[in-house]
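Visitor: I would like to learn how to read salt bridges in a model. Can you take me through them step by step?

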Amino acid sequence: MTIVFNDIGYGRAISAAAGTAFNPEVDQCIARVDGERLLGGVIYQGYTGASIGIHMAGFDPHWASKDMLWVSFHYPFVQLGCKKLFAQVPAYNERALEIDRKLGFKEETRVRDVFPSGDLVVLSMIPDECRWLRIRPRNLAG
């Protein structure tokens, strides 16, 4: 299994599953693949110099290895130097909210009536609270 950076096809597949669009001119993508099969990945959007947004999608229940999680959080916090990472999730998507909270995101705010079926939940994480930066990657090829 391999971690791949900025593959347009993977970026589009991840963004479609996450309910967003991927623009390779300004967005970044990190994917975990097995051969050519996409297991899951992350899309980064809206970089401001101090923060960036993240969208995640998994196609295999084991896509988020420790190495993948380390890379996914190292990029915004260490490489870009972001002070905050944002995730935006429809309030009705309880599974995504649960996953984000388990990863360490905290609810920042709710924006009412963004979707026909309800609110938008904005979650965030700062580097000091990111436990994934404290692990030591073992095999960045998988």
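Guide: Start with the vocabulary. Helices are DSSP runs of H or I with at least four residues, and they are numbered from the N terminus. Keep in mind that this is a predicted model.

Visitor: What makes a salt bridge possible in general?

Guide: Side chains of opposite charge can pair when their charged atoms come close. The cut-off here is 4 Å, from a side-chain nitrogen of Lys or Arg to a carboxyl oxygen of Asp or Glu.

Visitor: How many salt bridges does that rule give?

Guide: Seven. Let us take a pair within a helix. Glu 98 and Arg 95 form a salt bridge, with N to O at 3.7 Å. Both sit in helix H3 (residues 94-103), three residues apart, so about one helical turn separates them.

Visitor: Are Glu 98 and Arg 95 buried, partly exposed or exposed?

Guide: Glu 98 is partly exposed, at 35% relative accessible area. Arg 95 counts as exposed, at 53%.

Visitor: Which residues make up the salt-bridge network?

Guide: Arg 95, Glu 98 and Lys 102 are linked in it.

Visitor: Now a pair from separate elements. Which residue forms a salt bridge with Asp 60?

Guide: Arg 37 does, and the closest N and O atoms are 3.7 Å apart. Asp 60 lies in the loop between strand S4 (51-58) and helix H2 (66-79), while Arg 37 belongs to strand S3 (residues 37-45), so the bridge ties together parts 23 residues apart in sequence. Check burial too. Asp 60 is buried, with a relative accessible area of 18%. Arg 37 is partly exposed, at 43%.

Visitor: Where is a salt bridge between two strands?

Guide: Look at Glu 108 and Lys 84, whose side chains meet at 3.2 Å, N to O. Glu 108 is in strand S6 (residues 106-115) and Lys 84 in strand S5 (residues 84-90), so this pair ties together parts 24 residues apart in sequence. Glu 108 is partly exposed, with a relative accessible area of 40%. Lys 84 is partly exposed as well, at 23%.

Visitor: What else is in contact with Glu 108?

Guide: Val 122 is one contact. Val 122 is found in strand S7 (residues 118-125). At 12% relative accessibility, Val 122 counts as buried.

Visitor: Which residues does Val 122 contact, leaving aside neighbours within four places in sequence?

Guide: Phe 86, Ala 87, Gln 88, Lys 106, Glu 107, Glu 108 and Thr 109.

Visitor: How far apart are Val 122 and Gly 41?

Guide: They are 81 residues apart in sequence, and 20 Å apart in space, C-alpha to C-alpha.

Terms used:
Residues are numbered from 1 along each chain as its sequence is written. This is a predicted model: local features need pLDDT of at least 70, side-chain atom pairs count only at pLDDT 80 or more; totals for chains, interfaces and linings use all residues. Side-chain values use heavy atoms; hydrogens and water are left out. Buried means under 20% relative accessible area, exposed over 50%, partly exposed in between (1.4 Å probe, protein chains only). Contact means heavy atoms within 4.5 Å.
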